Amino acid sequence: MRWAFLSVIAIGLVIGLMAPVKRPSVPVPAAAAAEPADIPEETVIRPDGRGHFFAFAQVDGETVRFVVDTGADMVALTLDDARRAGIKFDPEKFDVVARGASGDVYGERVVIDDIVLDGKRVRDVHAAVVEDLDVSLLGQTYLRKLRSVHLTGDEMRLR
């Protein structure tokens, strides 16, 4: 099922593992994230050796490693990341949340109170907790609420 979900991502999504390079990836305290002066104008992310982008963001105050996925409709959390962040879900209620060439992807739709990446806070983020997911995905339910997301050469720039 893990490879099935990765196939879905490869077909319908642009996957990247992100790592902020503008400054070290340090969790931003919630109080500091709320201060406009503390929010970086732009976050520059470079790909890893395989060409993937990834970053660490706060999900309801808990640090989560995300793949930035500009083609994903929504944020998707692994079971472990959702548990650590205190997201309420019930595996008994898992249903199809996506379909791909490799088959159905099972999970449960949830709403995350807030996600903060490098000071860029988005509240009430629609997401899914997904079965057999290796790394959480930062999709459009977060990204489209930013001013802009640009891929230029070997950099991703979030504003």
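# A chat about a predicted chain

User: Is F56 buried or partly exposed?
Analyst: F56 has a relative accessible area of 35%, so the residue counts as partly exposed. Please keep in mind that this is a predicted model.

User: How many aromatic pairs are there in the structure?
Analyst: The structure holds two aromatic pairs. In one of them F54 and F56 meet edge-to-face, with 6.1 Å from centre to centre and 70° between the planes. The other joins F89 and F94, which are stacked, at 6.1 Å centre to centre and with 25° between the planes.

User: And F54, buried or exposed?
Analyst: F54 is buried, because its relative accessible area is 16% and the cut-off for buried is under 20%. In the stacked pair, both F89 and F94 are buried.

User: What does β4 pair with?
Analyst: β4 pairs with β5 in the antiparallel sense, over six bridges, and two bridges also join β4 to β8, again in an antiparallel arrangement. On the β5 side, F56 stands opposite R65, whereas on the β8 side V59 stands opposite I115.

User: What sits between β4 and β5 in that hairpin?
Analyst: There are two residues between the strands of the hairpin, and D60 takes a positive phi near 50° there.

User: Why is β4 described as largely enclosed?
Analyst: Five of the six residues of β4 are buried, so the strand is largely enclosed by the rest of the structure.

User: Let's talk about the core, then. Which residues of the largest nonpolar core touch the most other members?
Analyst: That core has 29 residues, and V75, I87, I112, I115, L138 and Y142 are the ones that touch the most other members. At least two residues of this core come from each of β4 (54–59), β5 (62–68), β6 (75–77), β8 (103–117), β9 (120–130), α4 (140–143) and β12 (155–158). A second, separate core has 10 residues, including V67, M74, A128 and V135.

User: What is I115 in contact with, away from its sequence neighbours?
Analyst: Once neighbours within four places in sequence are set aside, the contacts of I115 are A57, Q58, V59, V75, K120, R121, V122, V125, L138 and Y142.

User: Where is T141, and what does this residue touch?
Analyst: T141 is found in helix α4 and counts as buried, because its relative accessibility is 9%. Not counting residues up to four places away in sequence, T141 touches D73, M74, V75, V122, V125 and H126.

User: New topic, polar contacts. What does the side chain of S136 reach?
Analyst: The side chain of S136 reaches the backbone nitrogen of T78 at 3.1 Å, and it also makes a polar contact of 2.6 Å with the side chain of D81. S136 belongs to strand β10 (residues 136–138), and it counts as buried because its relative accessibility is 0%.

User: Which residue lies 60 places along the chain from S136, and how far apart are the C-alpha atoms?
Analyst: That residue is A76, and the C-alpha atoms of S136 and A76 are separated by 5.5 Å. A76 is also among the contacts of S136 beyond four places in sequence, a list that includes V64, F66, V67 and L77.

User: What about T43, which side chain does it join?
Analyst: The side chains of T43 and K120 are joined by a polar contact of 2.7 Å. T43 lies in strand β3 (residues 43–46), and with a relative accessible area of 1% the residue counts as buried.

User: Where is G51, and is it buried or partly exposed?
Analyst: G51 is in the loop between β3 and β4, and its relative accessibility is 40%, so it counts as partly exposed. G51 and D154 are 103 residues apart in sequence, yet their C-alpha atoms are 8.2 Å apart in space.

User: Last thing, where is confidence lowest and where is it highest?
Analyst: Confidence is lowest in strand β1 (residues 16–17), at a mean of 31, and highest in helix α3 (residues 79–84), at 98. Over residues 1–35 pLDDT stays under 50, although the model has 95 contacts beyond four places in sequence for that stretch. For the chain, the average pLDDT is 80, and 74% of the residues score at least 70.

Methods:
Residues are numbered from 1 along each chain as its sequence is written. Side-chain values use heavy atoms; hydrogens and water are left out. A nonpolar core is a set of buried Ala, Val, Leu, Ile, Met, Phe, Trp, Tyr and Cys residues joined through side-chain atoms within 4.5 Å. Buried means under 20% relative accessible area, exposed over 50%, partly exposed in between (1.4 Å probe, protein chains only). Helices (H or I, at least four residues) and strands (E, at least two) are DSSP runs, numbered from the N terminus. Contact means heavy atoms within 4.5 Å. A polar contact is a pair of N or O atoms within 3.5 Å; within protein, one must be able to donate a hydrogen and the other to accept it, and residues adjacent in sequence count only if both atoms are side-chain atoms. pLDDT is the predictor's confidence in each residue, from 0 to 100. Two strands pair if DSSP finds at least two bridges between them. Rings of Phe, Tyr and Trp (its six-membered ring) pair if their centres lie within 6.5 Å; planes under 30 degrees apart count as stacked, over 60 as edge-to-face and the rest as tilted.
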